[in-house]
Amino acid sequence: MSSIDLPVSHIFHRPDARKVDPAAIRGLVDSIAEIGIINPLRVRPARRNVNGEPADAYEVTAGVHRLTAARKLGMETVPCIVV
């Protein structure tokens with residue numbers, strides 16, 4: 001499967017996603033800053049409000065910690081596999 005870069009602003013956490021571990025985020029921030037995201041996030045299509053407007057968006061099925069770290073780093077896009 002190949003990945004595509006998607007805008008972070010259009011990717012959301014699942015309501016039932018596991019709790020984000022701050023210690024894991026700190027480690028990922030350092031790793032991603034140094035070498036980037038090696039393992040793409042897995043996402044599925046979803047309709048969500050983006051900037052107050054209904055839009056085509058994505059929901060994370062695997063990679064919420066990587067998404068959180070990418071946001072902390074100010075990344076605009078992240079590699080994703082859409083399933």
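Start by selecting the hairpin of β3 and β4, where 2 residues lie between the strands and asparagine 51 takes a positive phi near 55 degrees. Please keep in mind throughout that this is a predicted model.

**The hairpin strands**

Extend the selection from the turn into residues 41-50, which form strand β3, and into residues 53-62, which form strand β4. These two strands, β3 and β4, pair in the antiparallel sense, and 9 bridges hold the pairing. If you would like a landmark beside the turn, pick valine 50, whose bridge partner in β4 is glutamate 53.

**Across the whole sheet**

Now show every strand at once. The sheet is open and has 5 strands, and reading across it gives the order β1-β5-β3-β4-β2, with mixed pairing. Its edge strands are β1 and β2, each of which pairs on one side only. As general background while you look across the sheet, strands pair through backbone hydrogen bonds, in either the parallel or the antiparallel sense.

Begin at the β1 edge by selecting residues 4-7, which are strand β1, together with residues 77-82, which are strand β5; the two run antiparallel and are joined by 4 bridges. Within this pair, aspartate 5 stands opposite proline 79 of β5.

Moving inward, which way does β3 run relative to β5, parallel or antiparallel? The two strands run parallel, with 3 bridges between them, and a residue to click on here is valine 43, which has valine 82 as its bridge partner in β5.

At the other edge, select residues 11-12, which make up β2, and colour β4 beside them. The pairing of β2 with β4 is in the parallel sense and extends over 2 bridges; here phenylalanine 12 has glutamate 59 of β4 as its bridge partner.

**Helix α2 and what covers it**

Leave the sheet for a moment and select residues 64-72, which form helix α2. This helix is mostly covered, with 7 of its 9 residues buried. To see which ones, display the side chains of Val64, His65, Arg66, Leu67, Thr68, Ala69 and Ala70, the buried residues of α2. Their packing partners are spread over several elements, namely β2, α1 (residues 22-35), β3, β4 and β5. Following the chain just past α2, you come to glycine 74, which takes a positive phi of about 75 degrees.

**Two residues in α2, and a loop opposite**

Centre the view on valine 64, which is found in α2. Because its relative accessibility is 8%, and buried means under 20%, valine 64 counts as buried. Leaving aside residues up to four places away in sequence, valine 64 touches His13, Arg18 and Val20. For a sense of scale, draw a C-alpha to C-alpha distance from valine 64 to alanine 46: these residues are 18 apart in sequence and 16 Å apart in space.

Then draw a second distance, from valine 64 to lysine 19, a pair separated by 45 residues in sequence and by 9.1 Å in space, again C-alpha to C-alpha. Lysine 19 lies in the loop between β2 and α1. Is lysine 19 buried or exposed? Lysine 19 counts as exposed, because its relative accessibility is 75% and the cut-off for exposed is over 50%.

Next, select histidine 65, which also lies in α2; at 7% relative accessibility, histidine 65 counts as buried. If residues up to four places away in sequence are not counted, histidine 65 touches Arg18, Lys19, Val20, Asp21, Ala24, Ile25 and Leu28.

**Zooming out**

Finally, return to the full chain, which has 2 helices and 5 strands, running β-β-α-β-β-α-β from the N terminus on. The radius of gyration is 12 Å, close to the 12 Å that the globule rule gives for 83 residues, so the chain is as compact as a globular protein of that length. Along the principal axes, the C-alpha trace spans about 35 × 25 × 20 Å.

Of the 83 residues, 34% are buried. Among contacts between residues at least 6 apart in sequence, 76% join residues that are at least 24 apart. With the surface displayed, the chain exposes about 5200 Å², of which carbon and sulfur atoms supply 51%. Colouring by charge picks out 11 positive and 9 negative side chains, and the centres of the two sets lie 7 Å apart.

Technical notes:
Residues numbered from 1 in each chain as written. Predicted model: local features only at pLDDT ≥ 70, side-chain atom pairs only at ≥ 80, totals over all residues. Heavy atoms only, no water. Pairing = 2+ DSSP bridges. Buried < 20%, exposed > 50% of the residue type's maximum accessible area, 1.4 Å probe, protein only. Contact = heavy atoms within 4.5 Å. Rg over C-alpha atoms; globule rule 2.2 N^0.38 Å. Areas by Shrake-Rupley, 256 points an atom, 1.4 Å probe, with all protein chains shown as cover. Lys, Arg positive; Asp, Glu negative; His and termini not counted. Charge placed at Lys NZ, Arg CZ, Asp CG, Glu CD.
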